[in-house]
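Hi everyone, thanks for making the time today. Let me put the structure up on the screen, and then we can walk through it together.

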Amino acid sequence: MLLFPSPTFAESLGLRKAYDLAVRYDARYLAAGADASIAREEVAKARAAFLPNIKASTSRGRNQTDHATALGENPTVWYNTLSHSLSLRQPLFNLGSIASYKQSKAVRAKSEALLQSEHLSLMARTVEQFCNALFAEENIAFTEAQLKAFSEQLEQSKKRYANGFGTITEINEAQASYDLALADQADAMAGLEFSRRELERTTGVYAESLHRLDPARLSLDRPEPRDVETWVEMAREQSGKIRAARQEVEIARKEIDKNKAAKYPQLDLWAGRSYSVSENNYTIGSTYDTWSVSLQLSVPVYTGGLTSASIRQAFARRRKASEELSLQERASLADVRKYYNAQLNSIVQVRAYEQAVKSGEIALEGTRKGFMAGFRTNAEVLDATRKLFETRRSLARARYQYILNRLMLRDAAGVLGEADLDEIDRFFASSGS
């Protein structure tokens, strides 16, 4: 990063803008796009096996021949050679080529499914890194406010002690809380830098300012549809990872067909024309113009067991692909259920923490008044302050977690789209809004 620093984003960076930057910069997504392009060309390569193969060649040369017999030597002969040829080979019957063509389409379908999955993953990663950076910023604000509150409490404790109302223990308690808050602030600063660099790794820019989450805009919605089994069925049909695993099974099945085809004959049509002048020292001064058409049949007889071993190997690969499909289905469907319940739970958590913050503010105010009146201790004020800021931090974390759970559910089901990203982007506002 020191040698090749990323550009700093001067304006406040929004979620949608961060995603647009990531689409053009993220190496994982761009590599998946390149893989998809590679796989698309496999179809064109396999299709070429059905089309004519035409070759042309030509040559021209100067030759010298020394000829000797039992009667003596003949003079050295110098002569020119000329040769042109054109040939066409048209496959007529090849089961291996048919299997390879079908397999190439399965390879293309798999790569496109993986590209779609990586696209959804990019959305989820961008939102997660964006929210992590925002939470890190809020965490610093919490630690600064907490540090200020502990500093005021420390000064108050010193004044009370100077006026004969407090104790040295109160000062030590306030000093310890203040020192811990300083350590928390240093940790929060390091966390913010790390979160910003993680977002930079995906977007390619270092954003010093981000659009902030506006709690008033945050819509705590339950998953639609409401039935988790409906989400499970959506994942079975639309999950890119499951579809890619299915295509891997199809690829393995066509590999079996391709290896079995090695046992069958192949039939080709061959046609060509050749024209030569003095092609060798036996045809000096002779010209040949030859046209030919033929059917060429090749029949495999014995390959030393190679074909049988390849077929057994292909069957084993199909079994492996089938088990990996089962594994992927179980993992994806478990993720759907996990994020469905997580979205519901995060709604409950946000509302509970909102109420807890209100209660904590009232409790802190009452504790402070009791402390000034002599009914509460300094430790109780510090504890109430610490609990309030921890609750505020938990509320912020729960809000971001709700956004991520909402997004991850749709990602796991394979139905996440840019419209969902735009909807979430409306929860955020620039600093001046």
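Let's begin with helix α4, in what is, please keep in mind, a predicted model. How far apart should the ends of α4 be? At 1.5 Å a residue, its 36 residues should span 52 Å, and the end C-alpha atoms are indeed 52 Å apart, so the two values agree. Right after α4 comes Gly-204, with a positive phi near 90°. As background, most residues other than glycine have a negative phi.

Staying on α4, which covers residues 168-203, have a look at Arg-197. The side chain of Arg-197 makes a polar contact with the side chain of Glu-193, at 2.9 Å. Is Arg-197 buried or partly exposed? Its relative accessible area is 27%, so Arg-197 counts as partly exposed; the buried class would need a value under 20%. Arg-197 also has a neighbour from elsewhere in the sequence: Gln-129 is 68 residues away along the chain, yet the two C-alpha atoms are 9.3 Å apart in space.

Next, helix α3, which runs over residues 95-162. Ser-111 sits in α3. With a relative accessible area of 10%, Ser-111 is buried. What does the side chain of Ser-111 have beside it? A polar atom of that side chain lies 2.8 Å from the backbone oxygen of Arg-108.

Helix α3 also takes us to the surface. There is a nonpolar patch of about 720 Å², made by Phe-50, Leu-51, Leu-92, Phe-93, Leu-95, Ile-98, Tyr-264 and Leu-295. Which elements supply at least two residues each? Those are β5, residues 77-93, and α3. Tyr-264 joins the patch from the loop between α6 (240-260) and β8 (266-277). At a relative accessible area of 45%, Tyr-264 is partly exposed.

Now for the charged pairs. How many salt bridges are there? The count comes to 33, and I'll pick out a few.

My first stop is Arg-253 with Glu-250, where the closest N and O atoms are 2.6 Å apart. These two residues are three apart in helix α6, so about one helical turn separates them. The general point is that an α-helix has 3.6 residues a turn, so residues three or four places apart point the same way. Both partners are partly exposed: Arg-253 has 34% relative accessibility, and Glu-250 has 25%. Elsewhere, salt bridges that share partners tie Arg-16, Asp-20, Glu-418 and Asp-422 into one network.

While we're at α6, the UniProt record, an unreviewed entry, carries the annotation "coiled-coil region" for residues 235-262. What does the model show over that span? The span is 89% helix and 0% strand, and its end C-alpha atoms lie 39 Å apart.

Another stop is the salt bridge between the side chains of Arg-337 and Glu-229, at 3.0 Å from N to O. Where do the partners come from? Arg-337 is in helix α7 (residues 306-373) and Glu-229 is in helix α5 (residues 228-238), so to speak a link between distant parts of the chain, 108 residues apart. Arg-337 is partly exposed at 33% relative accessibility, and Glu-229 is partly exposed as well, at 37%.

Helix α7 has another long-range neighbour to show you. Leu-325 is in α7, and Leu-325 is buried, with a relative accessible area of 15%. The C-alpha atoms of Leu-325 and Glu-248 are 8.2 Å apart, although 77 residues separate them in sequence.

Let me finish around Pro-225, in the loop between β7 (212-213) and α5. Is the peptide bond joining Glu-224 and Pro-225 cis or trans? That bond is cis, with omega at about 5°. For context, most peptide bonds are trans. Glu-224 also has a salt-bridge partner in Arg-226, with the closest N and O atoms 2.8 Å apart. Arg-226 is partly exposed, with a relative accessible area of 47%.

That's my tour, and I'm happy to rotate to any view you like.

Technical notes: Residues are numbered from 1 along each chain as its sequence is written. This is a predicted model: local features need pLDDT of at least 70, side-chain atom pairs count only at pLDDT 80 or more; totals for chains, interfaces and linings use all residues. Side-chain values use heavy atoms; hydrogens and water are left out. Helices (H or I, at least four residues) and strands (E, at least two) are DSSP runs, numbered from the N terminus. Buried means under 20% relative accessible area, exposed over 50%, partly exposed in between (1.4 Å probe, protein chains only). A polar contact is a pair of N or O atoms within 3.5 Å; within protein, one must be able to donate a hydrogen and the other to accept it, and residues adjacent in sequence count only if both atoms are side-chain atoms. Patches are made of residues with over 30% relative accessible area and no salt bridge: like charges are joined within 9 Å, nonpolar side chains (Val, Leu, Ile, Met, Phe, Trp, Tyr) within 5 Å. Accessible areas come from the Shrake-Rupley method with a 1.4 Å probe; for residues, only the protein chains shown count as cover. A salt bridge is a side-chain nitrogen of Lys or Arg within 4 Å of a carboxyl oxygen of Asp or Glu. UniProt positions are given in the numbering used here, feature names are shortened, and annotations may be inferred rather than shown by experiment. The expected span of a helix is 1.5 Å times one less than its number of residues.
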